[in-house]
Amino acid sequence: MTKGKISAKLLAATILMVAYQGLAVAQMPQQQPDAKAFKLGNLDIVALHDAQFVLPNDGKVFGLDHRPAEVADLLKAAGAPTDTITLSVDALLVKSDRHLVLIDTGVGGALQGSLAKAGYRADAVDEILITHSHPDHVGGLVLDGKLAFPNATIRMSEAEWSFAKANEKLTPIVKVIEDRVKTFKPGGEVAPGITSVALSGHTPGHVGYQIVSGKERLFDIGDTVHSSIISLAEPDWGVSFDADKPEAEQNRVKTLSTLAKNKERIFAPHFPFPGVGYISAEGDHFSWTANDKAE
Ligand SMILES: [Zn+2]
């Protein structure tokens, strides 16, 4: 595929994202493939980079009911630029002896290149687990109007699939994938060693995925959090991406507290790539420690 073609697709995907989530501007300057592999018990895990969103700090996405200056203070304290908020868009690959499982598929950016960089073919993926149906998680399911992972069963929660089918902007994706979709009720095993966990508020059927091998665990928490700076410093501030904002805020605080208490290793798809690490509690806010080394 040519570079020009990728750019056109990304532009379309960006417009979809902008239209869907009501953002004024979303820029995606870097779409370099990147892959970070590590072991989790007997499993091979790879964090796959897809895209980078750069959003203006205009009070329309983060810190709803707060001033952009308050958000700027948080960004400044973290040593980040204060006029923009950068979010990575990443996915997770889980390889066992029997399956090649992809959790989320990005917006249609560099994911395929990242997969190739990690040494895997798209047609070897046999299971896809979706956290929720926003375009930056399901956009990579379709490539040139066809299934991007032709041999994969696509799993998401019942509530999320209903939500996706009711969303007109997703119709082009829904039409291509509908014969491959299998739904589940959250709380059970969806692939060997992988359990879905309901994480309420972001979308009607949003889930995370708990991956366990031997004594090791990794929890893909989906879009419970977005910014490694703002979502942790002020987890109860409103985020425009959340469908049910009070529910999402409550769930965010509760989930972060539990993750910190249990010292759980997590994958957060929008934290700085590769998005693997630990949450710590510091009073009423939280902090992030990246940790993507095999242990
Ligand atoms: Zn997202």
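**Exercise 1. Find how strands β5 and β6 are joined in this predicted model, and place them in their sheet.**

Step 1. Locate the two strands: β5 covers residues 100–103 and β6 covers residues 127–129.

Step 2. Look at the pairing. Strands of a sheet pair through backbone hydrogen bonds, either parallel or antiparallel. Here β5 and β6 run parallel and are joined by 3 bridges. Within this pair, I103 stands opposite L129 of β6.

Step 3. Widen the view to the sheet. Both strands belong to an open sheet of 7 strands, ordered β1-β2-β4-β5-β6-β9-β10, with mixed pairing. At its edges are β1 (35–40) and β10, each of which pairs on one side only. From one strand to the next, the twist averages 25°.

**Exercise 2. Determine which residues of helix α5 are buried and what they pack against.**

Step 1. Take residues 158–165, which form α5, and pick out the buried ones: E160, W161 and A164.

Step 2. View the helix down its axis. The buried residues of α5 fall within an arc of 100°, so they line one face of the helix.

Step 3. Identify the neighbours of that face. The buried residues pack against β9 (153–157), α6 (171–177) and β10 (181–184).

Step 4. Relate α5 to the sheet of Exercise 1. The helix packs on the sheet that contains β9 and β10, and its direction makes about 100° with that of β9.

**Exercise 3. Decide whether S88 is buried or exposed, and list its surroundings.**

Step 1. Place the residue: S88 is part of strand β4, residues 84–95.

Step 2. Apply the cut-off. A residue is buried when its relative accessible area is under 20%. S88 has 4% relative accessibility, so S88 counts as buried.

Step 3. List the contacts, leaving out residues up to four places away in sequence. S88 touches H49, A51 and Q52, and also P269, H270, F271, P272 and F273.

Step 4. Check for polar contacts. The side chains of S88 and H49 make one, at 3.3 Å.

**Exercise 4. Do the same for V138: where does it lie, and what does it touch?**

Step 1. V138 is found in helix α4, residues 135–138.

Step 2. With a relative accessibility of 4%, V138 counts as buried.

Step 3. Leaving out residues up to four places away in sequence, V138 touches T105, G106, I130, H132, S133, L170 and I173.

Step 4. Compare distance along the chain with distance in space for one of these residues. V138 and T105 are 33 residues apart along the chain, but their C-alpha atoms are separated by 5.5 Å.

**Exercise 5. Describe the surroundings of strand β13 and its two pairings.**

Step 1. Count the buried residues. Strand β13 (residues 207–213) has 6 of its 7 residues buried, so it is largely enclosed by the rest of the structure.

Step 2. Take the pairing with β12 (residues 194–198). It is antiparallel and has 5 bridges; V197 has G208 of β13 as its bridge partner.

Step 3. Take the pairing with β14 (residues 216–220). This one is antiparallel too, with 5 bridges, and V212 stands opposite R217 of β14.

Step 4. Examine the connection. β13 and β14 form a hairpin with 2 residues between them, and G214 in the turn has a positive phi of about 60°.

**Exercise 6. Summarise the whole chain in numbers.**

Step 1. Count the elements: there are 8 helices and 18 strands.

Step 2. State the burial: of 295 residues, 52% are buried.

Step 3. Consider contacts between residues at least 6 apart in sequence: 67% of them join residues at least 24 apart.

Step 4. Give the surface. The accessible surface is about 12700 Å², and 52% of it belongs to carbon and sulfur atoms.

Definitions and conventions. Residues numbered from 1 in each chain as written. Predicted model: local features only at pLDDT ≥ 70, side-chain atom pairs only at ≥ 80, totals over all residues. Heavy atoms only, no water. Helix = DSSP H or I, 4+ residues; strand = E, 2+ residues; numbered from the N terminus. Buried < 20%, exposed > 50% of the residue type's maximum accessible area, 1.4 Å probe, protein only. Polar contact = N/O pair within 3.5 Å; in protein donor to acceptor, adjacent residues only side chain to side chain. Contact = heavy atoms within 4.5 Å. Pairing = 2+ DSSP bridges. Arc of directions from axis to C-beta. Areas by Shrake-Rupley, 256 points an atom, 1.4 Å probe, with all protein chains shown as cover. Axes fitted to C-alpha atoms, helices over the stretch in contact; angles between N-to-C directions.
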